[in-house]
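Colleague: I would like to learn how to read pockets, interfaces and salt bridges from a model. Can we go through one case step by step?

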Protein chains: 2
Amino acid sequence: MEIDHVGIAVQDLAAALVRWTPLLGPPTGPPEVVPSNRVRVSFLESGASHVELLEPLDPDSPVSKFLAQRGEGIHHLAFRVADVDRALGEVIARGGSVVDRIGRPGARGRRVGFAHPRAFGGVLVEFVEVP
Amino acid sequence: MEIDHVGIAVQDLAAALVRWTPLLGPPTGPPEVVPSNRVRVSFLESGASHVELLEPLDPDSPVSKFLAQRGEGIHHLAFRVADVDRALGEVIARGGSVVDRIGRPGARGRRVGFAHPRAFGGVLVEFVEVP
């Protein structure tokens, strides 16, 4: 299972881009709002994977809670799958907790779903459906 | 710059392997001790990248301090570079802090070096030299 991207929680997207573009180059496009997570994101190419910078839109965003508790840093690890519902179902079948029981719309027009950090020892795992 | 691996801090390597092998398959080899960081690590293949599971050898390991402060979770993000000294030098030249000013021996017989989390907004970045 390939790494699709590594998600990084930031306070300010513009400031974060100043830090990361020397390593990874400019973002793949303009920032995108992901309404379901109340975030604005930018993707930076990193070989076959990406780094995703996530800035919360408002205090209700899960990323705001993460920033308040832990500060800026790596937020989640996303893997590419052919079928996001199946990937989530397999976590449930192994007795793992999930945030999403089935996929939902995510960034870049893709279906995504999150397992619960309890399922992977504190790591928030996202599955991204890439047909 | 490609993602070489994502490092995950774990309390117990054997327990962590039970969680991760259903996603990524078995580790690439037996666990390896990295004396400079006081850790025992396993690598699991993930496309062109790897997931590295890090278990501290003793309370003096930086991973022990991470686990005590934040619990199990994603510990660092490693990028593949042709020249680790140059990558660290470029961080310093941009005014960023580093843990290592030049490369040192890391896992898998490779030269590695860490920037300071301050240089990348709370993200501990490692450079791995892959000639």
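Modeller: What follows takes confidence, interface, pockets and salt bridges in turn.

Colleague: What confidence does the predictor give to the complex and to chain A?

Modeller: This is a predicted model, and the complex has an ipTM of 0.95 and a pTM of 0.96. For chain A the mean pLDDT is 96, with 100% of its residues at 70 or more.

Colleague: How is the size of an interface often given?

Modeller: It is often given as the accessible area lost when the parts come together. Here chain A and chain B bury about 2,700 Å² between them, and 70% of that lies on carbon and sulfur atoms. Of the area that chain A buries against chain B, 22% comes from A:L23, A:R70 and A:I74, more than from any other three residues. Counted by contacts, 30 residues of chain A touch 30 residues of chain B.

Colleague: How many salt bridges cross the interface of chain A and chain B?

Modeller: The rule finds 0 across that interface, although the count over all chains is 22. One of the salt bridges pairs the side chains of A:R80 and A:E2, at 3.4 Å from N to O. Because A:R80 sits in strand 5 of chain A and A:E2 in the segment before strand 1 (3-9) of chain A, the pair ties together parts 78 residues apart in sequence.

Colleague: Now the pockets. What is the volume of the largest pocket, and which residues are closest to its centre?

Modeller: Its volume is about 910 Å³. The lining has 40 residues, and those closest to the centre are A:R70, A:I74, B:F66, B:R70 and B:I74. A:R70 and A:I74 were also named for their share of the area that chain A buries against chain B.

Colleague: Which elements supply at least two residues each of that lining?

Modeller: Helix 2 (62-70) and strand 5 (73-81) do so in chain A, and helix 2 (62-70) and strand 5 (73-81) do so in chain B. Helix 2 of chain A has the largest share, 6 residues. By residue class, the lining divides into 22 nonpolar, 12 polar and 6 charged.

Colleague: How much space lies in the second largest pocket, and what lines it?

Modeller: The second largest pocket holds about 150 Å³. Its lining includes A:R94, A:R118 and A:F120 from chain A and B:V18, B:R19 and B:P22 from chain B. Helix 1 (residues 13-24) of chain B gives the most, 3 residues. The classes here are 5 nonpolar, 3 polar and 3 charged.

Key. Residues are numbered from 1 along each chain as its sequence is written. Chains are lettered from A and ligands numbered from 1 in the order in which they are written. This is a predicted model: local features need pLDDT of at least 70, side-chain atom pairs count only at pLDDT 80 or more; totals for chains, interfaces and linings use all residues. Side-chain values use heavy atoms; hydrogens and water are left out. On a 1 Å grid over the protein atoms alone, a cavity is a set of points where a 1.4 Å probe fits but cannot get out, and a pocket is an open set with protein on both sides within 12 Å along at least five of seven lines; lining residues have an atom within 4 Å of a point. Grid points are joined across faces, edges and corners, and a volume is the space filled by probe spheres set on the points. Helices (H or I, at least four residues) and strands (E, at least two) are DSSP runs, numbered from the N terminus. Ala, Val, Leu, Ile, Met, Phe, Trp, Tyr, Cys and Pro count as nonpolar, Asp, Glu, Lys and Arg as charged, and the others, Gly among them, as polar. pLDDT is the predictor's confidence in each residue, from 0 to 100. Contact means heavy atoms within 4.5 Å. Buried area is the accessible area (1.4 Å probe) that two parts lose on being put together, summed over both. A salt bridge is a side-chain nitrogen of Lys or Arg within 4 Å of a carboxyl oxygen of Asp or Glu.
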